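Here are a few exercises to work through with the model open beside you. Try each task before reading its solution.

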Amino acid sequence: MSKAYMNYIAGEWCDSESGKRFDDINPADHGDVVGSFPQGNVQDVDRAVAAAQEAFDDWRLMPALTRGEIMKRVGDILLARKEELARLQTREMGKVLVETRGDVQEGIDTAYFAFGQASRLTGQTIPSELPNKFNMTTRIPLGVVGIITPWNFPLAIPTWKLFPALTSGNTVVFKPASDTPATATLLVEVLLEAGIPPLAINLVHGPGAETGKAIVDHPHIDAISFTGSSAVGKVINATAGGELKRVSLELGGKNAAIIMDDADLDLALEGVLWGAFGTTGQRCTATSRVIVHEQVYDDFLERLIEATKQLRLGSGLDDGVDLGPVINDAARDRIHQYVQTGSQEGGKLVLGGRFAQGDGLDSGSFYEPTIFTDVLPGMTIHDEEIFGPVLAVMKATSFTEAIELLNATDYGLSSSIYTNDVQAAFRAMRDIHTGITYVNGPTIGAEAHMPFGGVKNTGNGHREGGAAAYEFFSEVKTLYVDYSGTLQRAQIDNR
Ligand code: NDP
């Protein structure tokens, strides 16, 4: 029997009013059921929102530094439970242990950052245009925030949202991805153990189209913080935005790395392998296109194919494994469909392109690391996010053409350039149209205290990470104190 997990609503671990449950399956071994979870519905979300509303006043009035001290304890507990959390994550979503340890570390870093940031929830003092009058701004929490997250960073992404939301004085209703509900449940346990008031955090599992939608549509949810696909993000923006809710969207990517003719090719090769095939290509920042200068194209491509052949697939819990499975069979089928379309549209498949089988891989959702050449803008595999281990290698004749190719996408999350030419590096930092650019590093590798987010179809202009996240989770309030004892009219008196 697998473990029966619960929702956490109004201070209690409870089943869903729907009476229905769903299973969380290990993608490396479909016979391994991590647990069963309640399938939340509109009534569960109603109760969760009511509890979060009830908790709001006490929580927002608690001194921010006290809220920050709770975050310090959250970081300490995550640190103590790091290995347990990393192993659970690998079991439920497949990425290799070295990566899930990094995912938990990102949560720890985000907690300790929140501890410090609690004492920096500052406003401004600004001179008044009138005498004997004091002007200032402060930041106030939004109210009840709905948090909806994907499965590829099951701990880190929820922490990016929950920690700044709570530290800023909001209460929350949290719906994690249905593929990674166990890690989310442990995270909520940690928050409660650290001292978050029971009603201030509510966890409702369930399908996005029902539970997630109920959160987005709820009239007493004041803001939505969503990370996931651009398709779902656009729907949320239309519905929640239509109700004038504050909405933060962190969406898909189609990221590219440029390899210039003067680049350190060994370094570039390592970076492209890590960027394209880390997390089995299932990162919003994954390198899905590499644009190589024609002078080094043949050499780089040959080395890339040879190095990719050496990558070992298997369970992320096993030593020596480079690539775990993709998240489930539906994802594997979708990736394979993209590969077939890529070939039909004129891409040249030079490696992979098949389900990975044998050697203990038959009971999981494994896909071979795949490389295409002859890919051009306009082809489906160039334009759409595949979210799997599929890399398109493209050729550029100049720096200018490389930048044009990199920008020839509707997405704009991450990018990188390998070059030793300082002029090329600075021009690239200026002219590449993405939210993040790395010089001589892969497209993946965000640091928790730095702003994170993208342009174009990747988002709606907000940033997560570091201090930037706190701007989303609070409103500016403007305050005037007139101590003149007379009516003073702005723009009229004293002019
Ligand atoms: P989805 O958009 O399918 O799902 C994300 C979350 O939204 C899940 O919790 C899902 O629930 C829920 N959801 C689905 N439909 C709705 C709906 N109609 N209303 C409300 N909630 C809904 O994305 P994936 O989980 O497949 O994640 C992969 C995507 O996330 C990729 O596009 C990737 O690029 C992007 N991503 C972006 C990042 C960024 O910071 N820019 C970081 C990481 C990933 P359920 O699981 O039940 O379906």
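**Exercise 1. The ligand and the backbone**

Find which backbone atoms of Gly228, Gly208 and Leu251 lie beside the ligand, and what kind of ligand atom each one faces.

Solution. Start at Gly228 in this predicted model: a backbone N or O atom of Gly228 lies 3.3 Å from an oxygen atom of the ligand. Next, go to Gly208, where a backbone N or O atom is 2.9 Å from a ligand oxygen atom. Then turn to Leu251, whose polar backbone atom is 2.7 Å from a nitrogen atom of the ligand. Finally, widen the view: 29 residues surround the ligand, and those that come nearest are Ser178, Ser229, Leu251, Cys284 and Glu385. Leu251 therefore appears in this list too, within the 4 Å cut-off for being near the ligand.

**Exercise 2. Two domains and their contact**

Describe how the chain is divided and what the two parts share.

Solution. First, set the bounds: domain 1 covers 3-251 + 459-478, and domain 2 covers 255-439. Their C-alpha centres lie 31 Å apart. Next, count the contact residues, 20 from domain 1 and 25 from domain 2. The area buried between the domains is about 1,800 Å², and carbon and sulfur atoms give 60% of this area. Then ask who contributes on the side of domain 1: Ala28, Glu99 and Trp151 supply 26% of the area that domain 1 buries against domain 2, more than any other three residues.

**Exercise 3. Polar links across the interface**

Which residue pairs with Glu99 in a salt bridge?

Solution. Begin with the count across the interface of domain 1 and domain 2, which is one salt bridge. Glu99 forms a salt bridge with Arg283, with the closest N and O atoms 3.4 Å apart. This pair qualifies because the cut-off is 4 Å. Between the two domains there are also seven residue pairs in polar contact. On the side of domain 1 that touches domain 2, helix H3 (82-93) and helix H4 (97-117) are the elements giving two or more residues. H3 gives the largest share, four residues. By type, this side of domain 1 has eight nonpolar, five polar and seven charged residues.

**Exercise 4. A salt bridge within a helix**

How far apart in sequence are Lys72 and Asp76, and which helix holds them?

Solution. Both residues lie in helix H2 (residues 64-80), four residues apart, about one turn of the helix. Now check the side chains: Lys72 and Asp76 meet in a salt bridge at 2.8 Å, N to O. Side chains of opposite charge can pair when their charged atoms come close. The structure holds 23 salt bridges.

Definitions and conventions. Residues are numbered from 1 along each chain as its sequence is written. This is a predicted model: local features need pLDDT of at least 70, side-chain atom pairs count only at pLDDT 80 or more; totals for chains, interfaces and linings use all residues. Side-chain values use heavy atoms; hydrogens and water are left out. Domain bounds come from an automatic or database domain assignment. Buried area is the accessible area (1.4 Å probe) that two parts lose on being put together, summed over both. A polar contact is a pair of N or O atoms within 3.5 Å; within protein, one must be able to donate a hydrogen and the other to accept it, and residues adjacent in sequence count only if both atoms are side-chain atoms. Ala, Val, Leu, Ile, Met, Phe, Trp, Tyr, Cys and Pro count as nonpolar, Asp, Glu, Lys and Arg as charged, and the others, Gly among them, as polar.
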